[in-house]
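Biologist: I have a structure on my screen and would love some company while I read it. Shall we go through it together, one question at a time?

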Amino acid sequence: MHFYMPTKVYSERGCVRKHSQEWATLGKKALIVTGKSSAKNGALMDVLGALHEHGTASVVFDETEENPSIEMVMQVRELGLMENVDFVIGIGGGSPMDAAKAIALMLYHKEKGAEFLYQKGDDAALPVVEVPTTCGTGSEVTPYAILTIHAKRTKSSLPHRIYPAYALADGKYLLEAGRGILVNTAIDALGHFIESYINTNATDYSRMLCEYGMKVWSSTKSVLIGAERTVEDCDRLLLASTIAGMAITHTGTALPHGLSYYLTYENHVPHGKAVGYFLPGYVAAAEAATRRKVLELIGFPDQAYFTAFIHRLLGPMEADPELLERAVQGILANEAKLKNVPFSVTEDILESICRMAQD
Ligand code: NAP
Ligand code: FE
């Protein structure tokens, strides 16, 4: 067993300003990577205020695309080089946070071309600070960055491990997010827990994270189905998401994430929603005792309740049979994903996971 979580996490109200002496002095100039809406919830203002307080210069890129691509990363690297930045701050959901890591890697290896992104080897990168504004990816603590590869018509995780130096998690940035964003990203976090728990690489440490985190996640269900949210609800949603990130850091994800990338690339289904469709089938395919344990931890009496809950939140999945077939064949050829799954994965099992996503 191993446990390695080198990111320093501050998870509390006002943490961006409160701990700026540490993170805002990582260099003389910061590149801020964010998106148009991600920047509008107070997070960017807090970050700029903190940098100003310490006399640290900055340049802002606020056009991060959802599911960032290799091309975008390379374009923003040019901006960072021109501006001579020495650290990178991601503000937003997984898209800007993952992009920040990939850009920090490419800024460090400034002589390398885009092919380096997918070459195993030197993981050195400029320091990264992450400020999450959704409650799904846990990217603020994971070493992963997932980019869109247009040439392959899908998405894939970089082989590099880029741990953020700081994660600054404040639930207040989620208070105004649309319900759809909240639901989709909370389902992504649930996917991380389930895929980390039902995983060949699970250990006592990763299960400890899942067991506590699933209970926290479970306590937010009423908000997900439509109850008015308080800032404390947002705190719990974000806490669950960060803990889920720590869990997948140690185990990786499994079939639902692998299957989801095709749906996101071809049909533009948001990441968490695309993952969520495949969760009932993945839980159903697990060994009976594990399935019962997972359902108990997330607070469902049985499989049927869980499936109905997911369908109620996400609605029906629409996907061409050809696309699902491509996803199934893609997974069967993806050894890295298959080795995370603790049961034998056949075409029949994958088809049944896809069927459960549809009816
Ligand atoms: P996202 O793509 O970062 O953001 C989704 C949408 O939410 C965007 O339209 C964004 O707007 C908006 N948004 C973000 N924060 C908001 C706020 N507080 N208020 C209002 N709107 C807000 O979504 P995500 O689900 O968090 O991230 C998905 C990405 O993360 C995918 O690329 C996925 O593959 C990756 N991922 C990474 C990991 C990891 O371990 N690193 C794990 C799972 C998934 P703007 O674009 O206008 O800002
Ligand atoms: Fe995810």
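## Two ligands and their surroundings

Modeller: Happy to! Keep in mind that this is a predicted model. Let's start with ligand 1.

Biologist: How far from an oxygen atom of ligand 1 is a polar side-chain atom of Thr134?

Modeller: A polar contact needs a pair of N or O atoms within 3.5 Å. Thr134 offers a polar side-chain atom to an oxygen atom of ligand 1, and the separation is 2.8 Å.

Biologist: Which residue places a polar side-chain atom 2.6 Å from an oxygen atom of ligand 1?

Modeller: Let's look at two other side chains beside this ligand. Thr142 has a polar side-chain atom 2.9 Å from an oxygen atom of ligand 1. The residue with the 2.6 Å distance is Ser95.

Biologist: What percentage of the area that ligand 1 exposes when taken alone does the protein bury?

Modeller: Taken alone, ligand 1 exposes 930 Å². The share of this area that the protein buries is 89%.

Biologist: Which element gives the largest share of the shell around ligand 1?

Modeller: The shell has 28 residues, and Ser37, Ser38, Ser95, Thr133 and Lys155 are the closest. Two elements give two or more residues each: α6 (179–197) and α5 (94–108). The largest share is five residues, and the element that gives it is α5.

Biologist: How many of the shell residues around ligand 1 are polar?

Modeller: The shell can be divided by residue type. Six residues are nonpolar and six are charged. The number of polar ones is 16.

Biologist: Now for the metal! Which residues coordinate the iron ion (ligand 2)?

Modeller: The donors sit at 2.1 to 2.3 Å from the iron ion. Along the chain they follow the spacing D-x3-H-x64-H-x13-H. Reading off the residues, they are Asp188, His192, His257 and His271.

Biologist: Which parts of the chain does the pair His192 and His257 tie together?

Modeller: The two residues are 65 residues apart in sequence, so the pair ties together distant stretches of numbering. His192 is buried at 3% relative accessible area, and His257 is also buried, at 2%. The parts they belong to are helix α6 for His192 and, for His257, helix α10 (residues 255–267).

Biologist: What is the arrangement of the four donor atoms around the iron ion?

Modeller: A tetrahedral label needs all angles to lie between 85 and 135 degrees. The angles here run from 82 to 169 degrees, which makes the arrangement irregular.

Biologist: Let's leave the ligands. Which residue's side chain makes a polar contact with the side chain of Asp46?

Modeller: Asp46 is in helix α3 (residues 43–53). With 15% relative accessibility, Asp46 is under the 20% limit and so counts as buried. The contact has a distance of 2.6 Å, and the partner is Tyr173.

Biologist: How far apart are the C-alpha atoms of Glu140 and Ala167?

Modeller: Glu140 belongs to the loop between β5 (128–132) and β6 (146–149), and it is buried at 1% relative accessibility. Ala167 is 27 residues away along the chain, yet the C-alpha separation is 5.2 Å.

Biologist: One last thing: is Asn84 buried or exposed?

Modeller: Asn84 lies in the loop between α4 and β4 (87–92). Its phi is near 55 degrees, a positive value in a residue other than glycine. Most residues other than glycine have a negative phi. With a relative accessible area of 62%, Asn84 is exposed.

Technical notes:
Residues are numbered from 1 along each chain as its sequence is written. Chains are lettered from A and ligands numbered from 1 in the order in which they are written. This is a predicted model: local features need pLDDT of at least 70, side-chain atom pairs count only at pLDDT 80 or more; totals for chains, interfaces and linings use all residues. Side-chain values use heavy atoms; hydrogens and water are left out. A residue is near a molecule or strand if one of its heavy atoms lies within 4 Å of it. A polar contact is a pair of N or O atoms within 3.5 Å; within protein, one must be able to donate a hydrogen and the other to accept it, and residues adjacent in sequence count only if both atoms are side-chain atoms. Accessible areas come from the Shrake-Rupley method with a 1.4 Å probe; for residues, only the protein chains shown count as cover. Helices (H or I, at least four residues) and strands (E, at least two) are DSSP runs, numbered from the N terminus. Ala, Val, Leu, Ile, Met, Phe, Trp, Tyr, Cys and Pro count as nonpolar, Asp, Glu, Lys and Arg as charged, and the others, Gly among them, as polar. Donors are N, O and S atoms within 2.8 Å of the metal (3.2 Å for Na, K and Ca); water is not among the atoms, so sites may look incomplete. Four donors count as tetrahedral if all angles lie between 85 and 135 degrees; four count as square planar and six as octahedral if opposite donors are over 155 degrees apart and all others between 65 and 115; anything else is irregular. Buried means under 20% relative accessible area, exposed over 50%, partly exposed in between (1.4 Å probe, protein chains only).
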